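Visitor: Could you walk me through this model and show how its labels are earned?
Guide: Happily; here it is.

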Amino acid sequence: MEEDYGVTDSPRKGPTLSTSTSSFEPFDAHDPNLSRLATKMFQKTGDYITHELASTVDDYKLIESMNRAMMGKVADMRQMSQSIAAKNVELNQKYEDLKPLLQRIDDIESTVDKLEAAAYQLDSYSIRLENKFKSLKAKQ
């Protein structure tokens, strides 16, 4: 048995590779209803493709406007970050200017702490002296 590999016979033109059972042959007279329906189908398909492309264009326009808005926001954030960086440099300079004064304050605080400790020791010594004096006075 010989295989035909999908070759079929067209009613008018003979063997063809098509598996379609359509009776459509180019340049032959057609059913006007079929032509009208095919034309309508192609118009609807064209309309569908046109609307799909318009939708895609609208999507790209939306993305473009979002990109423009984002570029504005990024420019604002860049300006703000540059301003913050400038203020940070200014604050660092002020800190460096105050650093010697802060060191002097720390030194004074340390001296005051030592002085306070000495005052407590002196107070404790004077209380002991007073108690000793009272005890000596009481013995006489």
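Here we set a few values against their definitions.

Guide: Keep in mind that this is a predicted model. Along the sequence the pattern is β-β-α, with one helix and two strands in the chain.

Visitor: What makes Arg68 and Glu64 a salt bridge?
Guide: Their closest N and O atoms are 2.8 Å apart. The cut-off is 4 Å between a side-chain nitrogen of Lys or Arg and a carboxyl oxygen of Asp or Glu, so the pair qualifies.

Visitor: Why are Arg68 and Glu64 separated by about one helical turn?
Guide: Because they are four residues apart in helix α1.

Visitor: Why does Arg68 count as exposed?
Guide: Its relative accessibility is 56%, and exposed means over 50%, so the label fits. Glu64, at 38%, is partly exposed, because that label covers values between 20% and 50%.

Visitor: How do you know that Lys94 and Glu90 meet in a salt bridge?
Guide: The N to O distance is 3.6 Å, and the limit is 4 Å, so this pair passes too. Glu130 and Lys134 form another salt bridge, at 3.3 Å. The count comes to three salt bridges.

Visitor: What makes Leu101 eligible for a surface patch?
Guide: Leu101 has 43% relative accessibility, and patch residues need over 30%, so Leu101 clears that bar. Leu101 lies in helix α1, residues 32-139, and forms a nonpolar patch with Tyr95, Leu98, Leu102 and Ile105. Together they have about 470 Å² of accessible area.

How values were computed:
Residues are numbered from 1 along each chain as its sequence is written. This is a predicted model: local features need pLDDT of at least 70, side-chain atom pairs count only at pLDDT 80 or more; totals for chains, interfaces and linings use all residues. Side-chain values use heavy atoms; hydrogens and water are left out. Patches are made of residues with over 30% relative accessible area and no salt bridge: like charges are joined within 9 Å, nonpolar side chains (Val, Leu, Ile, Met, Phe, Trp, Tyr) within 5 Å. Accessible areas come from the Shrake-Rupley method with a 1.4 Å probe; for residues, only the protein chains shown count as cover. Buried means under 20% relative accessible area, exposed over 50%, partly exposed in between (1.4 Å probe, protein chains only).
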